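Colleague: I'm new to reading models like this one, so could you walk me through it with some questions and answers? Let's put it on the screen.

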Amino acid sequence: KLMHKLLSKLEGSKVDYLLPMFGDEAQLPAVNSGKPWSQFQRNGMQTVLMNEIKRQKNEDALSAVKATINGDIRLAFKKVGKKNIFECEDKFSRLRKMSDFYLEMPEAKQKNTLVITQTNNEKISLSYLIRLGLKDHGLVSEQETNHSILTTKFLNQAEKSKAFNYAVGDTVRFNNDYKSLSIQQGEYLAVEKNEPNKNIVLLRT
């Protein structure tokens with residue numbers, strides 16, 4: 001739907017245009033219904049395959065990634081190496097191990113290391129553990145500033161239109177202007193009340 005809307009606007013324009021599109025039909029499916037990448041390729045869209053891996057510099061890590069792409073998970077783990085795989089009894093032990101592993105790195109290596117975990121709640125806990133360790137090492141200030149972090153609910157277009165998907169206290173960000181509501185793109189409003197039976201959500205500034 002969104003891709004069709006974009007292409008329709010371009011086709012109706014009076015200027016010449018070139019629209020390069022980047023995507024992987026396996027990695028980036030459509031947000032709404034449809035399979036635009038697959039449909040484009042099946043219907044003759046000129047395609048260039050980019051298969052040179054740039055991220056992994058270590059030869060074993062690169063081999064592990066290639067093995068994963070080919071579906072050979074056993075070989076991928078073998079290439080990673082037993083010394084780089086840790087088995088933890090529970091979530092907290094895993095987060096503690098990850099933070100300790102990061103904190104034991106030289107400072108220069110820390111700056112080039114991306115720490116990834118499964119959920120937003122784990123990300124918050126892991127960031128807290130790492131910050132405590134950095135404070136103990138004198139690498140960050142003792143002074144703290146607290147901020148609220150907004151996380152997406154990953155609602156699709158149909159779910160956004162249903163009041164029961166919103167809770168009092170939620171923050172709604174608008175990605176488009178709504179002149180009839182006097183709302184501008186990028187504006188944030190808070191959910192003050194919702195009535196699922198009537199499909200009504202009351203927002204306040």
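Colleague: Which residues are linked with K135 in a network of salt bridges?

Modeller: A salt bridge here is a side-chain nitrogen of Lys or Arg within 4 Å of a carboxyl oxygen of Asp or Glu. One such contact joins the side chains of K135 and E142, at 3.8 Å from N to O. The network that holds K135 has two partners in it: E142 and E144.

Colleague: Before we go on, what kind of model is this?

Modeller: Local features need pLDDT of at least 70, side-chain atom pairs count only at pLDDT 80 or more, and totals for chains, interfaces and linings use all residues. Residues are numbered from 1 along each chain as its sequence is written, and side-chain values use heavy atoms, with hydrogens and water left out. As for the kind of model, it's predicted.

Colleague: Back to that salt bridge: is K135 buried or exposed?

Modeller: The cut-offs for relative accessible area are under 20% for buried, over 50% for exposed, and partly exposed in between (1.4 Å probe, protein chains only). Its partner E142 has 57%, so E142 counts as exposed. K135 has 14%, so K135 is buried.

Colleague: How many residues apart are K153 and D170, the pair that links distant parts of the chain?

Modeller: Their side chains meet in a salt bridge, 2.5 Å from N to O. K153 sits in the loop between α7 and α8, while D170 sits in the loop between α8 and β1 (171-173). Helices (H or I, at least four residues) and strands (E, at least two) are DSSP runs, numbered from the N terminus. Along the chain, the two residues are 17 residues apart.

Colleague: And how many salt bridges does a search of the whole structure find?

Modeller: Besides the ones we've met, K198 forms one with E195, with the closest N and O atoms 3.6 Å apart. K198 is exposed at 58%, whereas E195 is partly exposed at 25%. The search of the whole structure comes to eight.

Colleague: Which residue in the turn between β2 and β3 has a positive phi?

Modeller: β2 (188-195) and β3 (200-204) run antiparallel and are joined by five bridges; strands pair if DSSP finds at least two bridges between them. In this pairing, A190 stands opposite R204. The two strands make a hairpin with four residues between them. The turn residue with a phi of about 55° isn't a glycine: it's N199.

Colleague: Which residue in the loop between α7 and α8 has a positive phi although it is not a glycine?

Modeller: This loop comes before α8 (157-160). The residue we want has a phi of about 55°, and its relative accessible area is 68%, so it is exposed. Its name is F154.

Colleague: Which element gives the most residues to the largest nonpolar core?

Modeller: A nonpolar core is a set of buried Ala, Val, Leu, Ile, Met, Phe, Trp, Tyr and Cys residues joined through side-chain atoms within 4.5 Å. The largest one has eight residues, including L95, Y102, L126 and L134. Two elements give two or more residues to this core, α5 (91-103) and α7 (120-136). With four residues, the top giver is α7.

Colleague: How is the aromatic pair of F174 and Y178 arranged?

Modeller: Rings of Phe, Tyr and Trp (its six-membered ring) pair if their centres lie within 6.5 Å; planes under 30 degrees apart count as stacked, over 60 as edge-to-face and the rest as tilted. F174 is buried at 12%, and Y178 is partly exposed at 36%. Their rings lie 5.7 Å apart, centre to centre, with 70° between the planes, so by the rule above the pair is edge-to-face.

Colleague: Last one: what radius of gyration does the chain have?

Modeller: The chain has eight helices and three strands, and 17% of its 205 residues count as buried. The radius is taken over C-alpha atoms, and the globule rule is 2.2 Å times the number of residues to the power 0.38. A compact globule of 205 residues would come out near 17 Å, but this chain has 24 Å.
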